[in-house]
Protein chains: 4
Amino acid sequence: MKTPKKSNWRSKLHEIIHEADTPVGRVFDIILLVLILLSVVFVMMESVSSIDAEYHQLLYIGEWVITIFFTIEYIARVISVRKPFNYIFSFYGVIDFLSTIPLYLSFILVGSNYLLTVRALRLLRIFRILKITRYVGESNKLKQALLHSRAKIFIFLFAVLIISIIAGTLMYLIEGEKSGFTSIPRSVYWAIVTLTTVGYGDISPATPLGQLIASLIMIMGYGIIAVPTGIVTAEYSKASDYVHVNTQVCFNCGVEKHRDDADFCHRCGKELHPHKNEEPSA
Amino acid sequence: MKTPKKSNWRSKLHEIIHEADTPVGRVFDIILLVLILLSVVFVMMESVSSIDAEYHQLLYIGEWVITIFFTIEYIARVISVRKPFNYIFSFYGVIDFLSTIPLYLSFILVGSNYLLTVRALRLLRIFRILKITRYVGESNKLKQALLHSRAKIFIFLFAVLIISIIAGTLMYLIEGEKSGFTSIPRSVYWAIVTLTTVGYGDISPATPLGQLIASLIMIMGYGIIAVPTGIVTAEYSKASDYVHVNTQVCFNCGVEKHRDDADFCHRCGKELHPHKNEEPSA
Amino acid sequence: MKTPKKSNWRSKLHEIIHEADTPVGRVFDIILLVLILLSVVFVMMESVSSIDAEYHQLLYIGEWVITIFFTIEYIARVISVRKPFNYIFSFYGVIDFLSTIPLYLSFILVGSNYLLTVRALRLLRIFRILKITRYVGESNKLKQALLHSRAKIFIFLFAVLIISIIAGTLMYLIEGEKSGFTSIPRSVYWAIVTLTTVGYGDISPATPLGQLIASLIMIMGYGIIAVPTGIVTAEYSKASDYVHVNTQVCFNCGVEKHRDDADFCHRCGKELHPHKNEEPSA
Amino acid sequence: MKTPKKSNWRSKLHEIIHEADTPVGRVFDIILLVLILLSVVFVMMESVSSIDAEYHQLLYIGEWVITIFFTIEYIARVISVRKPFNYIFSFYGVIDFLSTIPLYLSFILVGSNYLLTVRALRLLRIFRILKITRYVGESNKLKQALLHSRAKIFIFLFAVLIISIIAGTLMYLIEGEKSGFTSIPRSVYWAIVTLTTVGYGDISPATPLGQLIASLIMIMGYGIIAVPTGIVTAEYSKASDYVHVNTQVCFNCGVEKHRDDADFCHRCGKELHPHKNEEPSA
């Protein structure tokens with residue numbers, strides 16, 4: 001009778017860690033959320049030399065406290081799931097591990113506590129804790145739209161990259177060393193900075209011809225920026241359209257999502273009810 | 001018979017302050033509009049050292065005149081409404097109070113006249129005075145579209161923030177102190193400046209690897225900028241369609257969504273009701 | 001018999017200047033187009049000190065040649081139209097006058113030849129000469145979309161201005177003199193540079209708090225930029241919809257622009273032809 | 001029997017170079033892809049002085065190897081096609097020639113190896129090799145949308161150019177030499193940098209009036225950026241609708257524009273033809 005008991009203890013642990021509907025699970029989630037945010041804030045503050053100089057001891061203790069909590073949490077996650085390896089090699093599992101280990105490694109390897117910055121990735125868990133899925137359900141259309149336009153946007157970004165390489169090479173020849181275009185890779189970097197309209201100004205054309213070519217690239221970039229927006233908008237609109245279009249259910253075959261102006265079911269050919277009572281809330 | 005008289009005087013005051021259709025109310029509104037604009041201009045001019053040096057006395061007098069008017073206006077507003085506390089603790093009430101008090105406080109507290117800048121918030125009242133509601137009625141669809149896409153845009157901006165923290169941390173490790181990435185918060189600030197395509201150039205990557213990562217972030221940001229635009233456009237389009245196309249239901253066949261200018265049902269050919277009384281508020 | 005002859009001569013002149021279908025009118029238009037472009041190039045080149053130093057004499061002669069041609073053209077335009085004052089006080093009439101007069105004024109007033117830059121406005125005439133109306137007919141929808149969204153975009157830009165004033169005032173208080181926020185107007189200028197994602201970097205926040213606020217402003221601006229795009233896109237889509245929707249002409253009343261799925265004319269109620277032969281090219 | 005044999009050998013060559021479905025053709029494509037990428041990387045690395053100093057010999061040999069391969073490939077392409085001149089004077093033919101010749105020219109002309117940068121254009125061949133046509137088929141709608149909006153976007157960019165010239169001329173007069181507006185062409189360059197929201201900051205207004213005008217230009221640019229996006233989005237949306245919704249005509253009632261997955265006409269209820277053979281190229 002030992003195993004079921006243990007299993008019971010394990011299921012209790014599973015409930016605390018993985019469920020948010022029980023009071024204990026809720027408290028656990030809130031503590032985890034606060035600690036993730038704190039861990040990121042600590043790493044950030046440690047990187048600010050003036051703050052680190054004054055509060056180094058405090059930040060060090062804070063990090064150890066968080067690391068110990070994360071260690072316990074990691075072990076608990078591993079032993080509470082039925083297939084530990086599924087978790088260990090999952091996306092979140094790897095992040096959880098990598099954000100726990102650096103402080104221990106710092107005893108062996110000097111400078112490895114820089115790896116603490118991996119903790120920034122734990123912020124992604126916030127999406128889970130805050131049950132963003134609620135909203136994600138709403139923005140499922142967005143996800144679908146992005147998936148549909150994935151291939152197109154990939155090609156588009158690839159085209160932007162090739163344009164950048166060609167434009168960068170051209171500007172390297174025109175501008176030369178003086179105005180910062182010291183090599184083709186640097187010129188390509190400049191072209192990307194320009195086409196994306198970021199425009200740092202760390203490198204900028206100085207010769208009249210260079211400024212002319214740069215102007216053409218910018219105006220071209222102005223037209224180009226319209227493309228991904230157009231794609232996402234249209235795909236998103238289309239994904240929305242489905243909702244806009246579909247209101248009836250065929251009483252014969254149960255098919256949903258008819259055109260607004262359909263008189264007959266497009267699947268079974270039976271006449272549809274006249275849509276008098278349709279869309280009372282629209 | 002005293003109270004009704006006082007109530008009469010109060011209602012007169014209410015008419016002047018809150019109504020714009022009467023001649024006196026109209027004059028009051030115009031004076032208020034001019035004074036709000038003037039007060040902002042005065043605060044702005046005082047902040048320009050060269051102008052302040054020459055016209056300090058004039059600006060000081062001007063501010064006192066405006067402050068006294070604002071004080072009278074504030075008191076009048078308080079006594080003219082039936083439930084003064086509703087006004088006092090309302091959004092506009094707090095702004096009105098905060099933009100009146102600083103000059104008085106300057107006798108007690110040194111430097112408190114910096115609070116005068118709160119007056120910039122009074123500019124929001126212009127929307128009210130100019131009856132922008134006329135246009136707002138027209139752009140109600142926009143409001144609705146923004147409300148509908150609020151949750152999605154919030155998640156989106158949150159995702160941008162997390163991407164910025166991760167990207168900033170990465171760049172801090174790669175670039176180090178030399179090129180301005182002196183701390184993680186500063187690097188995150190850089191990442192936000194880059195992702196939003198603002199690109200000041202006060203901090204910019206100097207190492208080849210940093211420029212490569214920055215290029216990837218920029219191209220990613222290029223794709224990301226399409227998302228909020230897509231959301232707002234699609235939601236706005238949807239909101240527009242409803243108003244523009246669908247208003248009537250055919251009394252004969254029950255078909256909905258007729259053209260605004262249709263006289264006959266496009267399905268059964270029966271005459272539609274004249275849409276005289278339709279959409280009186282649109 | 002003198003007047004009709006003169007009228008004939010005048011109508012000949014009118015034909016040359018105002019019509020582009022006759023060979024002479026065509027040649028006149030091409031000469032005018034070239035001279036407008038040349039005049040702008042000359043003014044531009046004169047402003048480049050190195051070019052002006054070498055070719056000053058040439059440019060001076062060129063400008064006089066163009067000025068004399070423009071003078072003749074202006075006089076010809078005035079005498080060739082029936083109501084000269086309509087032309088003189090029209091938009092193009094004023095521009096034509098202002099781009100002709102500066103060189104004459106330079107005898108009286110020193111530096112008045114700077115007014116030559118008004119000639120840049122003559123570039124607008126290119127739209128007329130090139131018969132861009134052909135395309136404008138096609139992009140009439142765009143014009144209509146912009147007109148429809150005018151009020152909304154105006155309110156939007158006004159809101160952006162108020163946000164800029166409030167944000168600028170806030171940053172002035174936070175950043176102070178050191179990092180370039182020397183006055184509120186300058187800070188407002190910075191806020192506009194930031195919100196529009198231009199981001200020169202001539203002024204940029206240096207304090208941590210300033211950078212935090214600036215980051216919030218940028219992320220907000222990121223969301224805001226979606227709004228005008230959304231408005232224009234939706235309005236333009238709507239304007240396009242009309243074309244998409246309309247293909248038939250009612251054989252009974254001649255009304256055009258029916259819904260794609262209409263069986264009966266929405267104006268006269270007669271049954272429409274089945275749209276078998278419709279849209280062969282779509 | 002010699003010619004058919006030769007023709008056979010030629011068709012074998014044609015198969016290797018032009019087809020990707022055979023194993024040999026596949027291997028050839030992959031080698032070509034790798035060599036094109038390598039050639040661009042080599043040219044890039046050679047431009048970085050620190051890398052060039054160390055590995056000059058290696059890069060030189062690498063370039064010769066690639067040049068020889070490209071030479072063989074070019075000759076093979078010429079002799080393998082039936083009409084060699086069609087290839088030689090085609091877009092890709094010219095690029096292939098120009099990216100092969102520079103190293104040979106370097107014996108005769110000093111500095112002609114800069115022409116190697118033309119090789120960046122060979123990157124465009126990647127689109128072919130990777131059979132991007134697969135995706136292009138999918139993004140054909142995008143192509144169509146861009147073609148449809150070509151005229152409008154051209155006019156738009158032309159209008160932006162004219163606005164830039166006028167704005168640049170204005171700023172030249174206002175700002176003068178001190179803040180970088182040294183000539184009208186330079187000011188126009190600044191105006192383009194500003195209107196496209198790139199904003200390098202190499203030139204930026206310093207006078208209050210200049211900053212005011214610049215702010216107006218920026219806010220205007222903010223509204224302008226919405227236009228090309230709106231055009232592309234609307235055209236793309238329209239192009240999407242056609243493909244997505246309309247393909248069949250009901251043989252019974254002639255109604256068009258059925259859903260892609262409709263089995264029965266939504267107007268008369270008759271069964272539609274199975275769409276097996278429909279849209280084979282989409």
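Where does α3(A) bend, and by about how much? In this predicted model, the bend falls at Y55(A) and comes to about 85°. The end-to-end span of the helix tells a matching story. Helix α3 of chain A covers residues 49-80, 32 residues in total, yet its end C-alpha atoms sit only 40 Å apart. A straight helix would reach 46 Å at 1.5 Å a residue.

Chain A also meets chain D through a pair of helices. Helix α10 of chain A (residues 184-195) packs against helix α2 of chain D (residues 23-47), with 7 Å between the axes and an angle of about 105°. Angles of 65 to 115 degrees count as roughly perpendicular, so that label fits α10(A) and α2(D). On the α10(A) side, the contact uses I184(A), P185(A) and V188(A), while α2(D) brings in V43(D), M44(D) and S47(D). Sorted by character, the residues of this contact come out as 5 nonpolar and 1 polar, with no charged ones.

Further along chain D, T194(D) belongs to helix α11 (residues 184-195). Its relative accessibility is 1%, and since buried means under 20%, T194(D) counts as buried. Leaving aside residues up to four places away in sequence, T194(D) touches I217(D) and M218(D) as well as V198(C) and Y200(C) from chain C.

Over in chain C, R119(C) sits in the loop that links α6 (102-105) to α7 (124-129). R119(C) also counts as buried, because its relative accessibility is 1%. With residues up to four places away in sequence set aside, R119(C) touches S39(C), V40(C), E63(C), I66(C), T67(C), F70(C) and S99(C). Between R119(C) and L98(C), 21 residues apart in sequence, the C-alpha to C-alpha distance is 7.7 Å.

Note on methods: Residues are numbered from 1 along each chain as its sequence is written. Chains are lettered from A and ligands numbered from 1 in the order in which they are written. This is a predicted model: local features need pLDDT of at least 70, side-chain atom pairs count only at pLDDT 80 or more; totals for chains, interfaces and linings use all residues. Side-chain values use heavy atoms; hydrogens and water are left out. Axes are lines fitted to C-alpha atoms, for helices over the stretch in contact, and angles run from 0 to 180 degrees between N-to-C directions. Helices (H or I, at least four residues) and strands (E, at least two) are DSSP runs, numbered from the N terminus. Angles under 35 degrees count as roughly parallel, over 145 as roughly antiparallel, 65 to 115 as roughly perpendicular and the rest as oblique. Contact means heavy atoms within 4.5 Å. Ala, Val, Leu, Ile, Met, Phe, Trp, Tyr, Cys and Pro count as nonpolar, Asp, Glu, Lys and Arg as charged, and the others, Gly among them, as polar. Buried means under 20% relative accessible area, exposed over 50%, partly exposed in between (1.4 Å probe, protein chains only). The expected span of a helix is 1.5 Å times one less than its number of residues. The bend at a residue is the angle between axes fitted to the seven residues ending there and the seven starting there.
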